[in-house]
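Please open the model in your viewer and keep the selection panel at hand. The tour below goes from one selection to the next and says what is there.

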Amino acid sequence: MNAGAAALGVFLTGGATWALDLELPTAFSTALLVLITGTAQFAYVAGVALSSSLVAIVFAVWRREVYEERARYLYRTTEADDHVVVPMRGETAEQTAMLGARIAAAHDAGKVVLLDVVDDEEIAAAERECIAGEGENADSTAEERAADAAARELERQAARIETTVGVPCDVAVAVENGNPAGTVLSTAEEANCDLVVTPFECDEDDALTPFLRTLFGSDVDVVALQSTGERTRWKRIMVPVRSASDVAHAMLDYAERLAGGNGSISVCSCIDAERERRRTESMLANLTETVGTRCETRVSRSSIEEFVERNDAHYDLVFLGASTDRSAASKFLSRPTYERVRDLDTDIAIVHTA
């Protein structure tokens, strides 16, 4: 091997990798090996070019189609949860319906089913009208009239959602049977819905209502919205996470759908000691790598409730996990985060994954 040729080869290789901003140590060995191939230099260069191109193409295809889409294969929420049923309950039902519609609208196959359950009071009111107006067949006509009135109201809301969000919206009316959560789950199954978006509910002791406890214990994904106002668009979203779990990926997926291309997401995690920072930063970087929306990561030494309460005013919505995957002992030692940050100035969405 000629020393001058070797030096020139190394120099040219170094110049090329520097100009192209590449980190390619094997380029130097390839440049030196060509000097000892004798009369087969052209065949060697052509072989290296061909094999390198093949490897590069395979890697590029694998990265684009598999690695960058890994959330689609590992976490079903990125392809599912586009058929949404919304039980129209409470004072924030309209805001909740808009949240469900915007989550569903992110997918081409998305649809929303608005569900109203006619209770005894509505049937009794309709029955009094029936008795006064018809006198006969009061029972059956009362249920029909109550259901028709509920359906008309749902149709108006469905039309408003379709106009505003552009997602297909169906309506369903059921008669109360003493198990409203069961009615919601059976409706979801019949309508082929894989996500329930419902208003958040708690009793006087700040405990979950039986309705919400039943939904959180089901095998259907659930998002419970605690709305603080009239907001129906959510573009600045905070997603606090503990680990790279199914719930974390689901919350990020919903946040990306809501934020869209012109929104922003802040993915946060709180640590107890500084030695945990690098591992946590790496975890957050891996979590957000598949997110297409503008996204930042934050690591704080504060407690989760202090961090959220200090920063909530900068966001439209905060996603929190329902902690349904925690053990009973863990729940006993530490209450779920959503119970510790109940009084925020922004909306809260609590996520349960099946």
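Is Asp-253 buried or exposed? At 8% relative accessibility, Asp-253 counts as buried, where buried means under 20% relative accessible area, exposed over 50% and partly exposed in between, with a 1.4 Å probe and protein chains only. Before going further, note that this is a predicted model, in which local features need pLDDT of at least 70 and side-chain atom pairs count only at pLDDT 80 or more, while totals for chains, interfaces and linings use all residues. Residues are numbered from 1 along each chain as its sequence is written, and side-chain values use heavy atoms, with hydrogens and water left out.

Keep Asp-253 selected and add Arg-257, with which Asp-253 forms a salt bridge whose closest N and O atoms are 2.8 Å apart; a salt bridge here is a side-chain nitrogen of Lys or Arg within 4 Å of a carboxyl oxygen of Asp or Glu. Both residues lie in helix α10, 4 residues apart, about one turn of the helix (helices are DSSP runs of H or I with at least four residues, strands are E runs of at least two, and both are numbered from the N terminus). Arg-257, at 10% relative accessibility, also counts as buried.

Next, show helix α5 (residues 93-105) together with helix α10 (residues 246-259), whose axes come within 8 Å and cross at roughly 95 degrees; the axes are lines fitted to C-alpha atoms over the stretch in contact, and angles run from 0 to 180 degrees between N-to-C directions. The two helices are therefore roughly perpendicular to each other (65 to 115 degrees, with under 35 counted as roughly parallel, over 145 as roughly antiparallel and the rest as oblique). Leu-99, Arg-102 and Ile-103 of α5 make the contact with Tyr-254, Arg-257 and Leu-258 of α10, contact meaning heavy atoms within 4.5 Å.

From Arg-257, move to Asp-82, in the loop between α4 (70-74) and β1 (83-87). Asp-82 is buried yet has no salt bridge, and the nearest side chain of opposite charge, Arg-257, is 6.2 Å away (Lys and Arg count as positive, Asp and Glu as negative, and His and the chain ends are not counted). Among the residues that Asp-82 touches are His-107, Lys-111 and Asp-194.

Finally, select Asp-347 and Arg-231, whose side chains meet in a salt bridge (3.6 Å, N to O). Asp-347 lies in strand β10 and Arg-231 in the loop between β5 and β6, so the pair ties together parts that are 116 residues apart in sequence. Adding Arg-236 and Asp-316 completes the selection of a network of salt bridges that links these residues with Arg-231 and Asp-347.

Technical notes: Lists of a residue's contacts leave out its neighbours within four places in sequence.
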